[in-house]
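Visitor: I would like to go through the labels on this model one by one. Please set each value against its cut-off.

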Amino acid sequence: MKTLLFCMLGLSITACASKDAKNGNKDELSMLIGTYTNGTSKGIYSFRFNQETGTTTPLDSVEIPNPSYLIPSEDGKFVYAVSEINDNTAALNAFTFNRETGELCLLNTEPTLGADPCYVSTNGKEVLTANYSGGSMSIFPLRKDGTIASVDTLFEGTASGPDTTRQVTPHIHCAIFSPDGKYIFATDFSSDRILRFVLHPKDIVPHLSAETTDVAPDSGPRHLIFSPNGKFAYLINELSGKVIAFSYEDGKLEQIQSIVADTTAARGSGDIHLSPDGKYLYASNRLQADGIAIFAVNTENGTLAKVGYQLTGIHPRHFNITPNGKYLLVACRDSNVIQVYERDKNTGVLKDIQKDIIVDKPVCVQFVPPFNH
């Protein structure tokens, strides 16, 4: 475990990144694991993951407090990770990333101006963080060298939901860019709504211009994703345990279905992802019967039909699917393990292949494709 090092801008960034080997093996992915660091974990861990065999090789690690969510840049050269801290030291961190060695090198850090950032996304020009306890969304301009500038826009959510414990203060849980690149969508957990912002070529319109899509009271919207063809969107709701399907066109979300993912009413639904071909949707549940609900997707009209349920380790906060669709990896926070499941591409069903990756308090799994792929 190396201690945290800062990259100096300029030549030392090149030195830190080193000369990556041009590995064109499409089966070899770089994998990044974000963790909570209140146990034995020190920060972010990198691995090599073979998406054909399901085997894992440890690479490197870097110390950073509570990197509970992270995202690589599209070209894989940079990584942006939150430090989920419940005070004014909460931050967004920018790293260079060496896909050959797995080395991460810190470029710079900026405060999120909102406590407990728990989600990060980027379009290559800006980086967004959803700040859960701060009840806000932060927007950071990106410089050409991969560093982040200070917060440019900060939008604060509201609290109007009926749950007098979970929705008493504002919480923003997810902030993403639309597939057409025109909008930002954020989940306003405590007001049971999705916020929409318009992107302009150079900036974002003032925050008061946000438009909303309401969902049922006491839903607790958590994570939103879009279908591969960009025609549909799916929302996992933490409190209701339901997945809501929407049609999507030019910034407009129209609800077409609501279907239960958590049949135990544990009020702890977590993450949501589609298979790369868009034919199956997966949603994780926590607190009771921890596991993943499996749905078949009607790719013509966007509706879902439940086809199975896979029990997992404890507290499956986040999971991800390999680019080839063969494996689904689950970060089970309270079991201190990442479980590797093989997907049946015809049925969507999952099979534990018993190739667990032992990491203390894992909460985020991200893949970086190889070079020349």
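Guide: What follows takes up a sheet, some loop residues and the cysteines.

Guide: This is a predicted model, where local features need pLDDT of at least 70, side-chain atom pairs count only at pLDDT 80 or more, and totals for chains, interfaces and linings use all residues. Residues are numbered from 1 along each chain as its sequence is written, and side-chain values use heavy atoms, with hydrogens and water left out.

Visitor: What makes β16-β17-β18-β19 a sheet, and what is its pairing?

Guide: These four strands form an open sheet in that order, with antiparallel pairing. Strands are DSSP runs of E with at least two residues, numbered from the N terminus; helices are runs of H or I with at least four. Two strands pair if DSSP finds at least two bridges between them.

Visitor: Why are β16 and β19 said to stand at the edges?

Guide: β16 (221-226) and β19 each have a single partner strand, so one side of each is left without a neighbour in the sheet. From one strand to the next, the twist averages 25 degrees. Such angles come from axes, which are lines fitted to C-alpha atoms (for helices, over the stretch in contact), and run from 0 to 180 degrees between N-to-C directions.

Visitor: How do you know that β17 and β18 pair?

Guide: Strand β17 (residues 232-237) and strand β18 (residues 242-249) share five bridges, in the antiparallel sense. The rule asks for at least two, so they count as paired. Within this pairing, A233 has F246 of β18 as its bridge partner.

Visitor: Why is I256 called partly exposed?

Guide: Buried means under 20% relative accessible area, exposed means over 50%, and partly exposed is in between (1.4 Å probe, protein chains only). I256 has 35%, so it is partly exposed. I256 sits in strand β19 (residues 252-260).

Visitor: Which residues does I256 contact, beyond its neighbours within four places in sequence?

Guide: They are F232, A245, F246, S247, N301, G302 and T303. Contact means heavy atoms within 4.5 Å. G302 is 46 residues from I256 along the chain, with 8.0 Å between their C-alpha atoms.

Visitor: What makes T169 partly exposed?

Guide: T169 has 37% relative accessibility, so the label is partly exposed. T169 is in the loop between β11 (153-156) and β12 (172-177). Leaving aside neighbours within four places in sequence, T169 contacts A159 and S190.

Visitor: What stands out about phi at L113 and D250?

Guide: Most residues other than glycine have a negative phi. L113 is not a glycine, yet its phi is positive, about 60 degrees. D250 is not a glycine either, and its phi is also positive, about 45 degrees.

Visitor: Where is each, and is it buried, partly exposed or exposed?

Guide: L113 is in the loop between β7 (104-111) and β8 (117-122). Its relative accessibility is 57%, so L113 counts as exposed. D250 lies in the loop between β18 and β19. At 42%, D250 counts as partly exposed.

Visitor: How many disulfides does a search of the whole structure find?

Guide: Zero. A disulfide is a pair of cysteine sulfur atoms within 2.5 Å.

Visitor: Why is C118 not in a disulfide?

Guide: The closest cysteine sulfur, in C174, is 8.5 Å from the sulfur of C118, so it is too far for a bond. C118 has a relative accessible area of 3%, so C118 is buried.

Visitor: Why does C332 form no bond with C364?

Guide: C364 holds the closest cysteine sulfur to that of C332, but the distance is 14 Å, so it is too far for a bond. C332 is buried because its relative accessible area is 0%.
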